[in-house]
Amino acid sequence: MATENAVESLQEEATCPVCLEYFKDPVIVECGHNFCRACIAQCWAGSDTDISCPQCRETVQQGNLRPNRQLANMVEMVKQLSLQAAKEAGGERVCGEHQETLKLFCEEDQTSICLVCHLSRAHRAHTAVPIEEAAQEYKERIQAHLKTLREEREKVLGLKATEEAKSQEYLKQTQTERQKIVSEFQQLRQFLEEQEQLLLAQLEKLDEEIVRIQNENVSKLSEQISHLSELIREMEGKCQKPASEFLQDIRSAFSRCEKGKFQQPEEISPELEERVSDFSQKMIVLLETLEKFKDTLPSALETKRGGSLGAFRQATVTLDPDTAHPQLVLSEDQKSVRWGDTRQQLPNNPERFDYLPCVLDCEGFTSGRHCWEVEGEVGGGGFWAMGVARGSVGRKGQISLRPEGGIWAVAYWEGQFWALTSPRTPLPLSRVPSRIRVCLDCDQGQVTFIDAGDEAPIFTFPPGSVPGERIRPWFWVWEVGSRIRLCP
């Protein structure tokens, strides 16, 4: 206790009476009082006469200031003693500036301070509470946050467990579907192989029947050819004989000539011809069925898994400048469009959109399956849309961005992704896709939007939605910073 009192007395002696902090560059005035050089200079600033000591008010000479090196050395020793005393008192933290124990907590600056700091100008007007009291208060607040954080962690753990359970369930479903696919296709292969063998066996029987009839007819025709050749030689020889000998047995010669006339060979029976024709018709139906099956199966599978370039032909899309709204700026290669700073002076031709900032592709499609990929960017508050439109879509004035207006599209609008249906459908996506694949099936009248990054389906306008006329890729951007780019 005596040591602490001695240290405190030394601290008071080492404290400037003006700033109430340890002396910095101490000087002594004529009356014998000590001050920081900066503090006394500030007190005497602007006064040329009647300079007095701030502590005893005795008039002194301003120029008679002498450095007090002994006091400066004593201040350093006091700082070291204060630091040592604080450590011996229990290892409490010490103020780095004043070497005093940090016993208070400044509410405004949210930091621990010592008693000297609290009396200084920096903290004099601030609210300070004992450090233990502040620690208890903030500990309670942290404990409240910890409770919330633990609750949040439990929620996240629950979500993780739920997601893992869902994933396992989905994996079980996919495994079941995989087994079904393997089994069904194995049965299908077996069925097709059996049908192949059956059809080939029927063809083999038809081949045998046709070959049998052919061989019989060839054999009969060969016999007739041999008989006719022999009769021709005999008659030619008879014609070379003298008249009297020639006329002998002429009746028999005429009879043999009459019997030597060509006999029609056996024709293929109507029954066999009908069998061949019937088999041909069945094969035509079978091949048409198989062709439809091959066309339908990939389309169905691609729709289920989000589409692929294997089922759709990669289309070359080029923006048509004659349709672009005057506010839109197209790139030189006509592969990107952005919102311009000013409205351009362009001819108001019938093809050009004059109200909504839209642009169409140059060509469009009337049949087949086509796909293209697009990247969309937005600035502050901007938005974009992409999809397909009728070739006859309205260009002048306000138009409906819905299927009834001849447009089938998705849009990034007001910070959310939408399908432009009637009414608009919000799409629950965790993020806005950086690249979107648009798949147009003209034959089915269907358009599908796919996240090109992970092949996940975004939205599909069902089959029959898109009419059977020329369909053109359609784009819309609005506000500064908005841009759409066609990807190679």
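A salt bridge here is a side-chain nitrogen of Lys or Arg within 4 Å of a carboxyl oxygen of Asp or Glu. By that yardstick, this predicted model holds 14 salt bridges.

**Salt bridges**

Let's start inside a helix. E152 and K155 both belong to helix α5 (residues 131-239) and sit 3 residues apart, about one turn of the helix. Their side chains meet in a salt bridge, at 3.8 Å from N to O. K155 counts as exposed, because its relative accessibility is 53% and the cut-off for exposed is over 50%. Its partner E152 is partly exposed, with a relative accessible area of 40%.

K241 and E245 make another pair, their closest N and O atoms being 3.7 Å apart. Both ends have some exposure: K241 is partly exposed at 39% relative accessible area, and E245 is also partly exposed, at 36%.

Then there's E375 with R435, whose side chains meet in a salt bridge at 3.6 Å, N to O. E375 lies in strand β11 (residues 369-377) while R435 is in the loop between β15 and β16 (436-441), so this pair ties together parts that are 60 residues apart in sequence. R435 itself is partly exposed, with a relative accessible area of 26%. The pair isn't on its own, either: E375 and R435 are linked with E373, R437, E455 and R485 in a network of salt bridges.

Here are the three pairs side by side:

| Pair | N to O distance |
|---|---|
| E152 and K155 | 3.8 Å |
| K241 and E245 | 3.7 Å |
| E375 and R435 | 3.6 Å |

**Backbone oddities in loops**

Now for the backbone. L20 has a phi near 60 degrees, a positive value in a residue other than glycine. You'll find L20 in the loop between α1 (2-13) and β1 (26-28), and at 35% relative accessibility it counts as partly exposed.

Q334 is another non-glycine residue with a positive phi, about 60 degrees. Its spot is the loop between β8 (328-330) and β9 (336-339). With a relative accessible area of 24%, Q334 is partly exposed; it escapes the buried label because that one is kept for values under 20%.

Last up is a cis peptide bond, which runs from S422 to P423 and has an omega near -5 degrees. P423 is in a loop too, the one between β14 (416-419) and β15 (425-426).

How values were computed. Residues are numbered from 1 along each chain as its sequence is written. This is a predicted model: local features need pLDDT of at least 70, side-chain atom pairs count only at pLDDT 80 or more; totals for chains, interfaces and linings use all residues. Side-chain values use heavy atoms; hydrogens and water are left out. Helices (H or I, at least four residues) and strands (E, at least two) are DSSP runs, numbered from the N terminus. Buried means under 20% relative accessible area, exposed over 50%, partly exposed in between (1.4 Å probe, protein chains only).
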